[in-house]
Amino acid sequence: MKRSRPANAIFVWPLAIFILGVIGLVIALTGDGWRDAAAWAALSAPIAAVIWAMRNRKA
């Protein structure tokens, strides 16, 4: 039987991606210039996570 992982280990990355997304959306709505670059960086985190997961998944 496979041993289950603690809830902290399961939900830490989705929570971090959610927080980055919210921060990116708020930054994008509050200004221009460097804030656009910061918003793009924060909002690209879910895409980077999906690419990383697809490359490292076990078949």
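This report walks through the predicted model of a 59-residue protein, from its overall build to a few chosen residues.

## Confidence in the model

Let's begin with how far the prediction can be trusted. The mean pLDDT of the protein is 90, and 97% of its residues reach 70 or more. Among the elements, helix α2 (residues 34-43) has the highest mean pLDDT, at 93, while α1 has the lowest, at 91. As a general reminder, predicted coordinates should not be read in detail where pLDDT is low.

## Overall build

The protein has 3 helices and 0 strands, and its elements follow the order α-α-α from the N terminus on. Two of these helices, α1 (7-30) and α3 (45-56), will come up again with the largest pocket, while helix α2 covers residues 34-43.

How does the radius of gyration of the protein sit against that of a compact globule of 59 residues? The protein has 15 Å, whereas such a globule would have a value near 10 Å. Along the principal axes, the C-alpha atoms fill a box of roughly 55 × 25 × 10 Å.

## Surface and burial

Buried residues account for 10% of the 59 residues. The accessible surface comes to about 5400 Å². Carbon and sulfur atoms hold 71% of that surface.

## The largest pocket

The largest pocket has a volume of about 180 Å³. Which elements give two or more residues to its lining? They are α1 (7-30) and α3 (45-56).

The lining itself is made up of W13, A16, I17, L20, A45, A49, W52 and A53. Sorted by character, the lining has 8 nonpolar residues, no polar ones and no charged ones.

## Three residues up close

It helps to visit one residue in each helix. L20 lies in helix α1 and is one of the residues that line the largest pocket. L20 counts as partly exposed because its relative accessibility is 36%, in between the 20% and 50% cut-offs. The C-alpha atoms of L20 and A41 are 9.1 Å apart in space, with their positions 21 residues apart in sequence.

In helix α2 we find A39. Why is A39 called buried? Its relative accessible area is 3%, and buried means under 20%, so A39 meets the cut-off. A39 and R57 are 18 residues apart in sequence, and their C-alpha atoms are 28 Å apart in space.

Finally, I47 belongs to helix α3. Is I47 buried or exposed? I47 is exposed, because its relative accessible area of 54% is over the 50% cut-off. I47 and I17 stand 30 residues apart along the chain, with 9.9 Å separating their C-alpha atoms. I17, for its part, is among the residues that line the largest pocket.

How values were computed:
Residues are numbered from 1 along each chain as its sequence is written. This is a predicted model: local features need pLDDT of at least 70, side-chain atom pairs count only at pLDDT 80 or more; totals for chains, interfaces and linings use all residues. Side-chain values use heavy atoms; hydrogens and water are left out. Helices (H or I, at least four residues) and strands (E, at least two) are DSSP runs, numbered from the N terminus. The radius of gyration is taken over C-alpha atoms; the globule rule is 2.2 Å times the number of residues to the power 0.38. Buried means under 20% relative accessible area, exposed over 50%, partly exposed in between (1.4 Å probe, protein chains only). Accessible areas come from the Shrake-Rupley method with a 1.4 Å probe; for residues, only the protein chains shown count as cover. On a 1 Å grid over the protein atoms alone, a cavity is a set of points where a 1.4 Å probe fits but cannot get out, and a pocket is an open set with protein on both sides within 12 Å along at least five of seven lines; lining residues have an atom within 4 Å of a point. Grid points are joined across faces, edges and corners, and a volume is the space filled by probe spheres set on the points. Ala, Val, Leu, Ile, Met, Phe, Trp, Tyr, Cys and Pro count as nonpolar, Asp, Glu, Lys and Arg as charged, and the others, Gly among them, as polar. pLDDT is the predictor's confidence in each residue, from 0 to 100.
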